[in-house]
Each structure stands twice: as structure tokens, then as C-alpha cells.
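Please open the structure in your viewer and keep the selection panel at hand. The tour below goes from the whole chain to single residues, with a suggestion at each stop of what to select.

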Amino acid sequence: MELELVSTSSAKPIGTLKHVSPSSTVKEIKKEINKLKKSYKPERIELRLEAKGKGLKDDSTLQSSGVQGRLFIKDLGPQIGWKTVFLVEYAGPLVVYLWMYQRPWLFFGDGAAEQPMTITAHIAAGCWTFHYVKRLLETLFVHRFSHATMPLANLFRNSAYYWLFTAYVAYHINHPLYTSPGSNQVYGGLAAFILCELGNLSIHLALRNLRPAGTTVRKIPVATGNPFTWLFSFVSCPNYTYEFGSWLSFTIMTQCLPAGIFALAGMYQMTVWAIGKHRAYKKEFPNYPRNRKSIIPFLL
């Protein structure tokens, strides 16, 4: 078969691929397009049946996708690796918080660094550091990404979210006027934070083991022998559940309003992601457990 290639931006043909097999995958077609037009890098383009339609999955074939002889090409713009994005996103909060932890004169004025700091502020700095060091190590050694790249513009948006929220939270917790809650609340929140962090790590390790290296294989996630993974019996995305639990615990521990706002903002975004993933699981796997919710057991 022949494939006419049309740009979504100009609606004009940009070339034709001849002698294409219907069993060819979208990923293979992207490589052929790159040979025809060097400016169309495989990771930078999205193939569609219609100009404003949804992008075709890389592992789907032309036949299974319903391709009839024409494909529309969407230029996604400059791309950057997912791993690079995550490393930048997570390194920033680590650096910013530890800088604010020193009470720089730029934010706190002269002499602030010499004033006493509560034990809660020290514990909070340790928790924040632990969380983002964990995230960096997971990015390097645990996560397996289903997509190689993402639009470069997303790097600036995502980084701004993490970096600015970090400065907002760190300014209040490390301020000389910050008042700590009682020790029972602090250490109770700390214990819950540690448990949720371990739970989050356990889920990430379980998800890693579902996908063989170098593949985009998807399987139904299930609980393992690790008790922290038992949450899979109730929700599709327990990693998000534990993530919110960590920041809720951090908020209780510090009794800091900006930390609570950060926790709620994160919960909102993770709920959107969890609902999307939950729907995708149910659509892809007919035998997907019906009793599971998206992110909050029994509720949502």
C-alpha cells in the first residue's frame, strides 16, 4: 500500500511512502518518515488518522489502527528525555530547600542565620531531603519510562511548579518566627511520613518489575509479598495515594499552611492522573478488578 503524508499545521501533503506493509507498526513508519524528511525525528512527531484526531500508539500496526492510505503528521516541537526532565524537576527542590534552610539574607535579612531554629525545622529539612533524594535515585535506577521524550516546554512548567512551591514552603518553615506544634504531633507526623515514603518506594519497585527493561509492556499491577503493596487491592495508583500521604503527614508534622497547599495541589493533579490511568486499565484489561478505585480506597 501507499501512504500519503499530510502535515496537520498546513494541511498540505509532504510526501508519500510506497510499498508499505499493513503489518508495519507506527514506530516503524515514523522511522521511514525520518528517512524521507530528516527534520521529522521519530520522537518529535505524532501520527494521526485525522488532523485533529488522537495520536496512534507506536506499537499498533497500520491495519489495526484503521489506516486507509493517508496519515497526518503532528510536529510536537523540541523534545527532551523524560529522565532528564525528572532529574531537573527533583534536583531543584533539593537545592532550593537546603539553600532556604541556611536562612540566606536575601530572603530573611541580616542576622537571621544566627537565630535559633526549632527541631521541627531540622526534621522537616531532613524529610524534604530524603524525599527528593529518593526521587532522584528512583529516576536513575527504578523507573522505566513508556515514552522516551516529552515536549521541552513542559520542563519549564513542571520545574516552576516544584521549585516555586519549594521556596514557598521552605520560607515559612525556616523563618525565625516559625512556631513548631507539640512534640507528639511532630513525631506522629514524622512516623506517618516515613511509612508513606516506604510505601511509595515499594509501589515503584513493584511497577518496575511489571515491565521488562527496554519494553513498553503493560500488565495489571497486583500486590506482592511486600505489605506496602497490598494497597493495590483497593486502588489502581497506590503510589499517588502514598505520595499524598507523605505530604499530608509533612503538613501535620510542621503545621504549616503552605505545606498543606502544596499537598492539596499535588493531590488534585495526581487524582487527575490516577483517574486517567484507572480508565485506561479498565479499557485495556477486560478482567481488571472491578472493586478498585483510582486513588482513594472505597471513594475515588
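Begin with the whole protein chain and colour its charged side chains: there are 33 positive and 17 negative ones, and the centres of the two sets lie 5 Å apart. In this count Lys and Arg are positive and Asp and Glu negative, with His and the chain ends not counted, and the place of each charge is taken as NZ of Lys, CZ of Arg, CG of Asp or CD of Glu.

Before going further, please note that this is a predicted model, in which local features need pLDDT of at least 70 and side-chain atom pairs count only at pLDDT 80 or more, while totals for chains, interfaces and linings use all residues. Residues are numbered from 1 along each chain as its sequence is written, and side-chain values use heavy atoms, with hydrogens and water left out.

**The whole chain**

Switch to a cartoon view, in which the protein chain shows nine helices and six strands; these are DSSP runs numbered from the N terminus, helices being H or I of at least four residues and strands E of at least two. The C-alpha atoms fill a box of roughly 75 × 45 × 30 Å along the principal axes. With a surface switched on, the accessible area comes to about 16,400 Å², and 62% of that belongs to carbon and sulfur atoms (Shrake-Rupley method, 1.4 Å probe; for residues, only the protein chains shown count as cover). Of the 300 residues, 42% count as buried, where buried means under 20% relative accessible area, exposed over 50% and partly exposed in between. Among the contacts with a separation of 6 or more, 73% are between residues 24 or more positions apart, a contact being heavy atoms within 4.5 Å.

**Helix α1**

Next select residues 26–36, which form helix α1, and show the side chains of Val26, Ile29, Lys30, Ile33 and Asn34, which are buried. They cover an arc of only 145° around the axis, so they sit on the same side of α1; the arc is that of the directions from the helix axis to the C-beta atoms. What do the buried residues of α1 pack against? Add β1 (3–7), β2 (13–17), β3 (45–48), α2 (62–65) and β4 (70–75) to the selection, and you have their packing partners.

**Two aromatic pairs**

Now show the rings of Phe, Tyr and Trp (its six-membered ring), which pair if their centres lie within 6.5 Å, with planes under 30 degrees apart counting as stacked, over 60 as edge-to-face and the rest as tilted. By this rule the chain holds 26 aromatic pairs. One of them is Tyr161 with Phe262, whose ring centres are 6.2 Å apart and whose planes meet at 40°, so this pair is tilted. Tyr161 belongs to helix α6 (residues 152–173) and Phe262 to helix α9 (residues 257–284), so that the pair links parts of the chain 101 residues apart. Tyr161 is partly exposed at 31% relative accessibility, whereas Phe262 is buried at 5%.

Move on to Phe193 and Trp247, an edge-to-face pair with 6.2 Å from centre to centre and 65° between the planes. Phe193 is in helix α7 (residues 183–210) and Trp247 in helix α8 (residues 238–254), 54 residues apart; Phe193 is buried at 1% relative accessibility, and Trp247 is buried at 5%.

**His131**

Keep that pair on screen and add His131, which lies in helix α5 (residues 119–141) and is buried, with a relative accessible area of 0%. Leaving out residues up to four places away in sequence, His131 touches Phe193, Glu197, Glu243 and Trp247.

**Ala170**

Return to helix α6 and select Ala170, which is buried at 0% relative accessibility. Beyond its neighbours within four places in sequence, Ala170 is in contact with Tyr97, Met100 and Phe108.

**Two loop residues**

Finish with two residues in loops. Is Arg103, in the loop between α3 (82–101) and α4 (105–108), buried or exposed? Arg103 is buried, with a relative accessible area of 4%, and its phi is near 55°, a positive value in a residue other than glycine. Gln255, in the loop between α8 and α9, also has a positive phi, of about 50°, although it is not a glycine, but Gln255 is exposed at 53% relative accessibility.

Definitions and conventions. Buried means under 20% relative accessible area, exposed over 50%, partly exposed in between (1.4 Å probe, protein chains only).
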